[in-house]
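Biologist: Please take a close look at one part of this model for me: the place where the protein chains meet each other and the DNA. How is it put together?

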2 protein chains.
Amino acid sequence: MVSDPDAVDRDGESVLRDAVPSPNSGPARGTVRNATIQDVADAAGVSKAAVSKVIRNAYGVSPKMRTRVEAAIARLDYRPRIAARAMRGTSYTLGIEIAQVSNEFLTMIVQGALDALAPTPYQLVVAPIRRPSEAGAALQSLADRQVDGIMAISPMVGESWLEDLSDRIPVVIIGRHDVSTHYDTVTGADRSGTDQVMTHLFDLGHRRITHLTTEAIHHETIINDPTNWHRSDLEPHSIRRAVYIDHMRRRGLDPQVTYTGGDELEAQTVTAELLTTNDPPTAIFAGNDTLAMGSLRAIAAAGLGPEDVSVVGYDDITMASHPMVSLTSVDQSGSQIGSEAVRLLLERIGGRTESVQVEEDVHLRVRRSTASPRQP
Amino acid sequence: MVSDPDAVDRDGESVLRDAVPSPNSGPARGTVRNATIQDVADAAGVSKAAVSKVIRNAYGVSPKMRTRVEAAIARLDYRPRIAARAMRGTSYTLGIEIAQVSNEFLTMIVQGALDALAPTPYQLVVAPIRRPSEAGAALQSLADRQVDGIMAISPMVGESWLEDLSDRIPVVIIGRHDVSTHYDTVTGADRSGTDQVMTHLFDLGHRRITHLTTEAIHHETIINDPTNWHRSDLEPHSIRRAVYIDHMRRRGLDPQVTYTGGDELEAQTVTAELLTTNDPPTAIFAGNDTLAMGSLRAIAAAGLGPEDVSVVGYDDITMASHPMVSLTSVDQSGSQIGSEAVRLLLERIGGRTESVQVEEDVHLRVRRSTASPRQP
DNA sequence: TTGAAAGCGCTAACAG
DNA sequence: CTGTTAGCGCTTTCAA
């Protein structure tokens, strides 16, 4: 695994390390040179092309040459440089752009992608962003690194920009319900999920239901930069909001949408304000579990319970099933979505050209955070 | 935005776009060619070297050339290929290896690293692993991609292997209390943190205290592969365990260490068994918050409370402060650790050669999950 | 079946 | 201040 520090030039083989490393501290950085394909070729007494064929399992290598080469590779601890490979073709790397690494639902997607990638020679790199407005830059950065495919989770970038990108490299958009001939999409069934939520709340007898969601537009740059212009009504949270409004209107009720940042503590603050109004809601449908947990903070802090204010979340993160929390939520199986996205990417790399839209089923998990209101 | 396949030479400048793009579907993948530094040079009527100097802000470019070049870059939407750059030197990329993307404490570290990296030209890539035994492969994979520096969170790999790696590329190990002349470390003050936990529990009157921790060895490969041999007593969880044992012994008490996987639900199962023994503990000191949450699941499910079994966690993840949970925990400020690691890496890239060990202070956050036992 | 040679796009000497 | 030149390590024709 580790090349021999005291390697000297025997048998006319190239020497990869200093003949005399300093006494008991390793050689200074840069002193050490990694084996290259040329070194391996020399050591095995064959050509670079031969080595290349062996490491790629390409057609046309005799068993005995393969053996020789593999021995040399092992001896020199040779590793192909990805950058050099990328210059000639593939980088064996898939990239995923992700907002809020701290959002457990999003990390479930990464887990699913990892699982799907495990049996392949591809490596996953994650490009995390701190603000939605950074999505475009992160995608560019992945493209600059010549990844073989890109997954993006509801990025705030324009459709035409994405189509441009996906002309050059396979792209899967996760979450957004776009229909493009250029790139594929994987989404949860947001309409169905919201239907299940609303039906559940109505069945319990709730009428004053507030929808707590993240602001559609987070930063001015998203407005000003044409790159970011896209149909925001195709985003998961917009769809949930639209379906919510629709349900309320159909029952002759007044939709109440409250906006907040994506942060749990901000959701708590916003909910706390909501509770002090004249006519507070008897139920809160939160756009995701992080927001829901924030609402529960405010409700618990006010000494209230599910009969006072019920809460429904979305995503069914681990915390939701905790007995001390017991949050009713919509399970949309992030890991499934992640592995599906990888599958689509690999298909594209394999040659598929028609675009595909996949929608995953979702299921409401009813728990103790929802109950019939005290006075209907 | 899109380069042109049929570029023709008008005005002596190379043309990268279609004059007439196809009606309503973009060109097929691969048809599109990105602008290269040569294209820019041609368009601006200068040499490649000149363009290179401009994009690197290198010394020796006249203002008027800079203007011309920048205009050409903008016009052609030129982006330097990282792979080509990497072959000649830096890739402007830092890598971080991380186990369990779903562990919030670990993602806090990533957040901190991102913040520290924001004002720099470096991009962060995350190499997530699924099992501890994959750490070595993930680090290799980052090295293969010629990142300019690597951060690794308590990787299960041998010290000598790490020293070899860090001879070729700057490395910061997060969590492990190694002292190496080759690589830097950033750790939390695990001894102090554990001291605070044990003092708190003793002060409350607890004597039967169990320590719930993850198994030291997760997979046989870690035992069998010499690459992985390292002083496991330098790992954070080992130190917490050792300090716990020490505290117990010093008070003449019997240390009780229970092992589990890193998973919340497994911790729940193990805790549930613990509660059914003859002489169950009055307090559980969990190695991290995920395990602590699992313990709380079992305790809540058994209808017990803090006076029956108190719980202390480690990391102080967001959930710990939730009023419905209120978990006493040790805050070790993951984002601080992450940005510190980046700082060290950038220093190394900047030329530092002596190794540095940084230890971050930690603080016990006392909440309602700990109370005096019913019968002392 | 094997190898020689031509680049991929960029940076870093070195000349002019 | 600017351009020419020589590679970095790999893959890929194309001959032998």
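Modeller: Start with the symmetry. A turn of 180° and a shift of 0.0 Å along the axis lay chain B on chain A with an RMSD of 0.1 Å (least-squares fit on C-alpha atoms of residues with pLDDT of at least 70 in both copies). That is the relation of a two-fold axis.

This is a predicted model: local features need pLDDT of at least 70, side-chain atom pairs need 80 or more, and totals for chains, interfaces and linings use all residues. Residues count from 1 along each chain as its sequence is written, chains are lettered from A and ligands numbered from 1 in the order written, and side-chain values use heavy atoms, without hydrogens and water.

Now the protein interface. Chain A and chain B each bring 64 residues to the contact (heavy atoms within 4.5 Å). The copies meet through the same surface, because 97% of the interface residues of chain B are also interface residues in chain A. About 5800 Å² is buried between the two chains, and carbon and sulfur atoms give 57% of that area (accessible area lost by both parts on being put together, 1.4 Å probe).

Charge pairs come next. The rule finds four salt bridges across the interface of chain B and chain A (a Lys or Arg side-chain nitrogen within 4 Å of an Asp or Glu carboxyl oxygen). One joins R79(A) to D144(B), with the closest N and O atoms 2.4 Å apart. Between the chains, 23 residue pairs are in polar contact, both partners at pLDDT 80 or more (N or O atoms within 3.5 Å; within protein, one able to donate a hydrogen and the other to accept it, and sequence neighbours counting only if both atoms are in side chains).

Which elements of chain B supply at least two residues each to the side that touches chain A? They are α4, α5 (104-117), β4 (123-129), α6 (135-144), α7 (159-168) and α12 (289-301) (DSSP runs numbered from the N terminus: helices H or I, at least four residues; strands E, at least two). The largest share, six residues, comes from β4(B). By class, this side of chain B has 31 nonpolar, 20 polar and 13 charged residues (nonpolar: Ala, Val, Leu, Ile, Met, Phe, Trp, Tyr, Cys, Pro; charged: Asp, Glu, Lys, Arg; polar: the others, Gly among them).

Turn to DNA strand C. It is surrounded by 26 residues, and S62(A), R88(A), I37(B), K48(B) and Y78(B) come closest (near: a heavy atom within 4 Å). Sugar or phosphate holds 57% of the strand C atoms within 4 Å of the protein; bases hold the rest. R88(A) reaches a base: a side-chain N or O atom lies 2.3 Å from a base nitrogen of strand C. R88(B) also reaches a base, with a polar side-chain atom 2.9 Å from a base oxygen of strand C. R56(B) goes to the backbone instead, placing a side-chain N or O atom 2.8 Å from a phosphate oxygen. The elements giving two or more residues to the surface near strand C are α2 and α4 of chain A, together with α2 and α4 of chain B. That surface has 13 nonpolar, five polar and eight charged residues.

DNA strand D follows. Around it sit 26 residues, with I37(A), K48(A), Y78(A), R85(A) and R88(B) nearest. Of the strand D atoms within 4 Å of the protein, 54% are sugar and phosphate. Y78(A) holds a polar side-chain atom 2.7 Å from a phosphate oxygen of strand D. R85(A) likewise has one 2.7 Å from a phosphate oxygen. K53(B) goes for a base: an N or O atom of its side chain is 3.3 Å from a base oxygen of strand D. Two or more residues of the surface near strand D come from each of α2 (48-55) and α4 (82-88) of chain A, and α2 (48-55) and α4 (82-88) of chain B. The classes here are 13 nonpolar, five polar and eight charged residues.
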